[in-house]
Amino acid sequence: MYARRRHVYFAMMGTCIALFVLAWGVVRLWSVPAAVAMCVIAMVIPPLAAIVANRRGPEDRWWDDPSGDAQSDEWWDELDGRKGPRNRDRP
């Protein structure tokens, strides 16, 4: 899924660059307001592309990675029902 997000990101950024180049290289000769409108649209694309590239998909398993703290990981595993408590006779 990472490759798909990367391809979408590069397609969006390529569209952004194409809009800028076409706006000031071609469209401004016929209509300056249209060229400005194209640049405004191109201005919105990079933040959206960053959101798309950094979003996590449903198959990304980031929430169950170990944190490095053994006690915390054991506690979360117990809460998630993956492992039972180690010492059941403790109060």
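Here are a few friendly notes on this predicted model, from confidence through to the cysteines.

1. Confidence first. The protein chain has a mean pLDDT of 82, with 78% of its residues reaching 70 or more. Among the helices, the extremes are worth having in mind: confidence in the chain is highest in helix H2 (residues 32-54), at 94, and lowest in helix H3 (residues 70-80), at a mean of 78. As a reminder for reading any such model, where pLDDT is low, the predicted coordinates should not be read in detail.

2. Next, helix H1. This helix covers residues 2-25, which is 24 residues. From its first C-alpha to its last it reaches 34 Å, close to the 34 Å expected at 1.5 Å a residue.

3. What does H1 pack against? Its buried residues are Arg5, Cys16, Leu19 and Ala23, and they pack against H2. On spacing along a helix, an α-helix has 3.6 residues a turn, so residues three or four places apart point the same way. You may like to keep that in mind when looking at the list of buried positions in H1.

4. Now the cysteines. How many disulfides are there? The count comes to zero. Cys16 is in no disulfide, and the nearest cysteine sulfur, that of Cys39, lies 8.9 Å away. Seen from the other side, Cys39 is in no disulfide either, its nearest cysteine sulfur being that of Cys16 at 8.9 Å. The cut-off for a disulfide is a pair of cysteine sulfur atoms within 2.5 Å.

5. Are these cysteines buried or exposed? Cys16 is buried, because its relative accessible area is 5%, under the 20% cut-off. Cys39 is also buried, with a relative accessible area of 13%.

Technical notes. Residues numbered from 1 in each chain as written. Predicted model: local features only at pLDDT ≥ 70, side-chain atom pairs only at ≥ 80, totals over all residues. Heavy atoms only, no water. pLDDT = per-residue confidence, 0-100. Helix = DSSP H or I, 4+ residues; strand = E, 2+ residues; numbered from the N terminus. Expected span 1.5 Å × (residues − 1). Buried < 20%, exposed > 50% of the residue type's maximum accessible area, 1.4 Å probe, protein only. Contact = heavy atoms within 4.5 Å.
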